[in-house]
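I opened this model to see how the chain folds and what fills its interior. My notes follow, in the order I looked things up.

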Amino acid sequence: MLFNSYEFLFGFLPATLVLFFALDRWSRPVALCWVIVASIGFYAWWRPENLLIVLPSLLVNFACAKMLADRAGKADRAAMAKLILATAITFNICLLGYFKYANFAKQAMNDLMGTDFVLTQIILPLGMSFITFQMIAFLMDVHAGRVDHFSFRQFALFKLFFPQLIAGPILHFREVMPQFDQGQSSRRTDLAVGLTLLSMGLFKKVVLADGIAPYVTPIYGAAAGGAGGGVATMPAAEAQEEVLT
């Protein structure tokens, strides 16, 4: 689900906001749980099966973070904390590496060693790189004592919050969570700021980026086809014609 799609702008976003504010009048924890559920739905919109990868990874990282938090600041458990941190980071990197480089490694082995590994179609889960590095950053913060207490609800909200789930930026727990704890007094200001930023982003995407795409795409296409640097000086129509021929 793209941020500039009709489904997001006129369906998902209004429904999420309306239900959040309605639940927030009754209970802030329940309202935040709704944000987690909505974020999971947002992520599953493209490929629901990706949840079978992301959610188990979330549970593993939460367990490792809890073990790190229990050992933070205790000199007699420093060695174990380092081992847990190293294991958790290795897990995250290996998980990402499999989806990004498994076929590359197989192809390299086939070329260098004459093996016959079969290249399978491996689809990288949406936002996997960003999610992985944010997980690692959180684990580092816990190990360093910059995050000393957190619940599973807070952890899941921090990791799955849909506005930054697939596009970033990489945030720190101590910067994000206090914003979720704010009361209703700043609601109007937050809505005004949020709608302003959303409008600016939509203008940059829909008007500026999409507006120049018809001129830029043929140039990159020609370059990918080996047309050479001279294509960059051609008008878009001529560049497109050269690509087609």
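**Entry 1: the elements.** I took helices as DSSP runs of H or I with at least four residues, and strands as runs of E with at least two, numbered from the N terminus. The model is a predicted one. With that in hand I read the chain from the N terminus, and the order came out as α-α-α-α-α-α-α-α-α-α. My count for the protein chain is ten helices and zero strands.

**Entry 2: whole-chain numbers.** I looked up the burial next. Of the 245 residues in the protein chain, 32% are buried. The exposed area of the chain is about 14600 Å², and carbon and sulfur atoms supply 67% of that area. Then I checked how far contacts reach along the sequence. Taking contacts between residues at least 6 apart, I found that 63% join residues at least 24 apart.

**Entry 3: the largest core.** Which residues touch the most other members of the largest nonpolar core? I found Phe138, Val142 and Phe150, in a core of 40 residues. I then listed the helices that each supply at least two residues of this core. They are H1 (6-24), H2 (28-44), H3 (51-71), H4 (78-113), H5 (128-143), H6 (152-160) and H8 (173-180). H3 gives the most, with eight residues. There is also a second, separate core of seven residues. Met1, Phe12, Ala38 and Phe162 are among its members.

**Entry 4: Phe150.** I went back to one of the core residues. Phe150 sits in the loop between H5 and H6. Is Phe150 buried or exposed? Its relative accessible area is 4%, so I logged Phe150 as buried. Setting aside residues up to four places away in sequence, I found Phe150 touching Phe62, Ala65, Lys66, Ala69, Phe138, Val142, Phe155 and Phe173. I picked Lys66 from that list for a distance check. Phe150 and Lys66 lie 84 residues apart in sequence, yet their C-alpha atoms are 8.4 Å apart.

**Entry 5: H4 against H5.** I turned to a helix pair. Two packed helices are described by the angle between their axes and the distance between the axes. H4 and H5 pack at about 175°, with axes 10 Å apart. Angles over 145 degrees count as roughly antiparallel, so I noted H4 as roughly antiparallel to H5. From H4, the contact uses Ala81, Lys82, Leu85, Ala88, Ile89, Asn92, Ile93, Leu95, Leu96 and Lys100. From H5, it uses Met128, Ser129, Thr132, Phe133, Met135, Ile136, Leu139, Met140 and His143. By class I logged 13 nonpolar, four polar and two charged residues in the contact of H4 with H5.

**Entry 6: Ser57.** I looked for this serine and found Ser57 in helix H3. Ser57 has a relative accessible area of 6%, so it is buried. Not counting residues up to four places away in sequence, Ser57 touches Phe91, Asn92, Leu95 and Met135. Asn92 and Leu95 of H4 and Met135 of H5 were already on my list for the helix pair. I also took a distance to Ile131. The C-alpha atoms of Ser57 and Ile131 are separated by 9.7 Å, with their places 74 residues apart along the chain.

**Entry 7: Ser39.** A second serine was next. Ser39 is in helix H2. Its relative accessible area is 1%, so Ser39 is buried. Which residues contact Ser39, leaving aside neighbours within four places in sequence? I wrote down Leu160, Phe161, Phe162 and Leu165. Phe162 also belongs to the second core.

**Entry 8: Leu126.** My last stop was the loop between H4 and H5, where Leu126 is placed. Leu126 has a relative accessible area of 30%, so I logged it as partly exposed. Beyond its neighbours within four places in sequence, Leu126 is in contact with Tyr43, Trp46, Asn50, Ile131 and Ile166. I checked Arg47 too. Leu126 and Arg47 are 79 residues apart along the chain, and 8.4 Å separates their C-alpha atoms.

Notes:
Residues are numbered from 1 along each chain as its sequence is written. This is a predicted model: local features need pLDDT of at least 70, side-chain atom pairs count only at pLDDT 80 or more; totals for chains, interfaces and linings use all residues. Side-chain values use heavy atoms; hydrogens and water are left out. A nonpolar core is a set of buried Ala, Val, Leu, Ile, Met, Phe, Trp, Tyr and Cys residues joined through side-chain atoms within 4.5 Å. Buried means under 20% relative accessible area, exposed over 50%, partly exposed in between (1.4 Å probe, protein chains only). Contact means heavy atoms within 4.5 Å. Axes are lines fitted to C-alpha atoms, for helices over the stretch in contact, and angles run from 0 to 180 degrees between N-to-C directions. Angles under 35 degrees count as roughly parallel, over 145 as roughly antiparallel, 65 to 115 as roughly perpendicular and the rest as oblique. Ala, Val, Leu, Ile, Met, Phe, Trp, Tyr, Cys and Pro count as nonpolar, Asp, Glu, Lys and Arg as charged, and the others, Gly among them, as polar. Accessible areas come from the Shrake-Rupley method with a 1.4 Å probe; for residues, only the protein chains shown count as cover.
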